[in-house]
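The following exercises accompany the structure shown below. Each gives a task, and a solution then proceeds step by step.

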Amino acid sequence: MKHSFALDVENYELWLSPGQHGYRLHLDDEVFAPVSFSHELDGSGTLVIASDTIPVKFAIDGDRLYLHIRGRTYILRYRDQLRTLACLDDQASHLVARAPMPGVVIATKVSRGDVVSGGATLMLVESMKLEFVVRAPRGGVVERIHFGVGDSFERDSALVTFSEEGR
Amino acid sequence: MQTLPFDTVLIANRGEIAARIIKTLRKLGLRSAIVYHDADADTPAVSMADTAIAIDGCSPIAAYLDAHQIIASACRAKAGALHPGYGFLSESAEFARAVERAGIAFVGPSSESIELMGDKIRARRFVQRSGFPVAPSAVEEDDPETFPSRARALGLPLLVKPSAGGGGKGMRIVRNLDTLDDAIAHARREGLRYFDDGRLYVERYAENPRHIEVQVLGDSFGNLIHLFERECSVQRRFQKIIEETPSPALSPKLRKEVCEIAVGIARSANYRNAGTVEFIFDGREFYFLEMNTRVQVEHPVTEMVTGIDLVAEQLHIAAGRPLRLSQSDIVSKGHAIEARIYAEAPERDYVPTTGKILMLEYPQREGVRIDSGIVQGQQITTAFDPMLAKVVVHSSTRRDAALASERVMRELVLLGCETNIDFLARLFADETFLSGQIHTGYLDENPHVAAGQCASDLPAVLAAAALLTRPVRDSADAVPTLHAEIGKWRN
């Protein structure tokens with residue numbers, strides 16, 4: 001079974017298979033072997049990939065994985081196959097403006113039923129004492145506004161849901 | 001140090017600056033008391049303080065702005081002095097007065113100096129009257145009717161600012177006069193929201209200037225000295241990210257000139273305690289920007305090159321003593337650079353981020369000072385400013401300090417909350433930054449620094465992720481070895 005990890009804006013599909021010395025990593029059409037990870041103290045360990053030995057620091061929080069490898073930090077999200085499938089149906093007919101960062105709603109500029117064009121201002125939000133504009137990702141009809149003035153939200157929260165015009 | 005007339009100092013602040021002040025109090029054998037909101041209960045400053053008193057408010061920030069609760073806490077802790085840190089009430093003249101009225105020494109300037117310098121328009125007028133240079137400007141309240149036309153007459157580009165501003169809030173650059181009205185409306189809205197003050201002024205904006213500031217110290221006896229300049233040109237949204245001293249832009253002659261202007265301004269204002277006079281430098285002239293009547297976030301770079309503990313000097317001055325240092329005692333050695341670690345994503349237009357700090361490891365190296373207000377396990381929320389810590393590196397040359405800073409950024413491990421650490425490492429390795437050719441538009445002109453690189457170790461990163469994720473291992477373990485060896489087999 002293929003597994004999916006999101007890193008920055010990219011999705012990567014991969015799978016592991018057992019090999020003679022550790023596992024084999026299947027990534028696109030490439031195979032890296034052997035790969036293994038030995039745990040040391042809390043949150044650190046050593047990764048072996050082909051002939052490389054790389055010290056790694058890591059922390060896991062739910063489906064998020066934080067890695068410190070060769071002086072850089074990576075934040076990955078493990079995308080559970082079943083959950084991804086369950087969301088597909090919803091996403092097909094709806095558009096959602098999501099929060100680029102956590103914050104608080106200062107003002108909403110649209111109401112339910114409004115027809116808006118792509119780039120239209122939907123909300124003014126405040127985060128860390130700065131004001132940001134949330135814009136419509138595409139044109140559509142406002143179906144639901146998920147937060148009211150003064151409400152706080154987390155990153156990636158759905159702020160406004162649209163249905164496509166005429167649908 | 002001679003014995004001071006107080007033995008307990010209350011810190012009306014939080015985070016890294018509160019922890020930093022406590023370190024000096026300990027060194028001087030003074031007791032520390034701190035006020036804290038519940039959101040900060042597990043932070044280093046609260047555990048370091050000898051006495052910690054909880055305060056509350058309708059929001060965490062509101063608690064730290066509640067002068068009444070803070071002064072009552074200071075009395076309860078029998079504090080003889082109060083250090084306001086930076087931000088919050090540090091530049092409130094009313095608060096300084098109330099503290100003094102309660103019989104507590106305010107570690108800062110007189111309330112009159114705060115009043116004079118806290119209002120940007122009043123400060124500019126004062127500085128101009130005293131014979132020092134300010135940028136050409138139009139002040140709305142001089143004649144609101146003609147304000148837009150006076151602003152237009154200054155010529156493009158323009159910078160619209162709230163009069164009571166700070167931290168870059170509400171500031172807008174105008175490069176096309178059609179957008180002036182929008183910029184004015186925006187600045188007024190933010191001014192009203194953050195400072196409860198809708199007054200504005202417009203300044204002629206120097207394109208790509210440098211931000212140069214001078215640290216001054218004054219006592220109650222008219223003695224005033226400077227501790228050289230700091231350059232803080234690397235900014236985003238008018239907020240500083242990197243500060244350094246000495247400035248790579250100044251010749252000895254220009255350095256002397258700006259330091260003398262700063263001392264002159266502070267002297268005209270009868271300034272007492274530590275303060276910073278900020279200037280815009282267009283390559284030829286220095287224009288007064290504002291004076292900050294408190295300890296600055298970036299004060300450690302000055303401490304590193306001069307060897308002087310600015311907080312200790314602040315306490316000494318607040319105790320009513322004359323300066324212990326004369327101008328000739330102040331010598332700057334080597335180069336120091338400070339980098340601010342923020343909970344933000346430079347790759348996504350510097351949006352703030354949140355999370356729980358799951359792992360925190362600071363490298364320990366010679367010449368590296370880390371002022372941190374966070375601990376492992378702490379939740380980073382949007383309740384406060386996104387600055388988490390400051391990394392200060394002191395070395396013999398600017399290039400060495402920058403390269404050592406890059407090394408620290410690569411070694412520092414902070415997991416659980418997205419930060420600008422990788423961005424800072426890229427910045428310290430950037431040739432333009434290393435050349436010293438920086439200005440306030442440097443990050444806009446060099447978008448590659450914020451944009452980041454694609455993962456250089458992608459297979460290693462994904463291998464580690466796969467091996468650390470149980471469902472991925474489990475499905476591999478469920479595959480018989482023989483089938484796996486066939487290679488193209490798919491589940």
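What share of the contacts in chain A with a separation of 6 or more is accounted for by residues 24 or more positions apart?

Solution. The model is a predicted one. Among the contacts in chain A with a separation of 6 or more, 38% join residues 24 or more positions apart.

**Exercise 1. Describe the general build of chain A from its secondary structure, burial and domains.**

Solution. Begin with the secondary structure: chain A contains 1 helix and 16 strands. Turn next to burial: of the 167 residues in chain A, 28% are buried. Finally, consider the domains. The assignment places domain 1 at residues 3-83 and domain 2 at residues 94-163. The C-alpha centres of domain 1 and domain 2 of chain A are 35 Å apart.

**Exercise 2. Characterise the side of chain A that touches chain B.**

Solution. First, establish the participants: chain A contributes 52 residues to the contact, and chain B contributes 47 residues. Second, locate the main contributor on chain A. Strand S6 (residues 52-61) of chain A supplies the largest share of this side, with 8 residues. Third, sort the side of chain A by class: 34 residues are nonpolar, 9 are polar and 9 are charged.

**Exercise 3. Examine helix H1 of chain B, its span, its buried residues and the residue that follows.**

Solution. Helix H1 of chain B covers residues 15-27, which makes 13 residues. From its first C-alpha to its last, H1(B) reaches 19 Å, close to the 18 Å expected at 1.5 Å a residue. The buried residues of H1(B) include Ile17(B), Ile21(B), Ile22(B) and Leu25(B). Two residues with charged side chains, Glu16(B) and Arg20(B), also appear among the buried residues of this helix. After H1(B) comes Gly29(B), which has a positive phi near 75°.

**Exercise 4. Determine the strand order of the open parallel sheet in chain B and follow one of its pairings.**

Solution. The sheet has 5 strands in the order S3-S2-S1-S4-S5, and their pairing is parallel. Its edges are strand S3 (51-54) and strand S5 (105-106) of chain B, each of which pairs on one side only. Now follow one pairing: strand S2 (residues 31-36) of chain B joins S3(B) in the parallel sense through 4 bridges. Within S3(B), Ala54(B) stands opposite Tyr36(B).

**Exercise 5. Locate the backbone features that depart from the general pattern.**

Solution. As a starting point, most peptide bonds are trans, and most residues other than glycine have a negative phi.

Consider the peptide bonds first.
- The bond from Leu156(B) to Pro157(B) is cis, with omega near -15°. Pro157(B) belongs to the loop between helix H8 (147-153) and strand S7 (158-162) of chain B.
- The bond joining Thr245(B) and Pro246(B) is cis as well, with omega about -5°. Pro246(B) occupies the loop between strand S12 (239-245) and helix H10 (252-268) of chain B.

Consider phi next.
- Arg70(A) has a positive phi, near 45°. This residue sits in the loop between strand S7 (64-69) and strand S8 (72-79) of chain A. Arg70(A) counts as exposed because it has 12 C-beta neighbours inside 10 Å.
- Asn270(B) has a positive phi, near 55°. Its place is the loop between H10 and strand S13 (273-281) of chain B. Asn270(B) has 15 other C-beta atoms within 10 Å and is therefore partly exposed.

How values were computed: Residues numbered from 1 in each chain as written. Chains lettered and ligands numbered in written order. Predicted model: local features only at pLDDT ≥ 70, side-chain atom pairs only at ≥ 80, totals over all residues. Domains from an automatic or database assignment. Contact = placed C-beta atoms within 7 Å. Buried ≥ 20, exposed ≤ 12 C-beta atoms within 10 Å, placed from the backbone. Expected span 1.5 Å × (residues − 1). Pairing = 2+ DSSP bridges.
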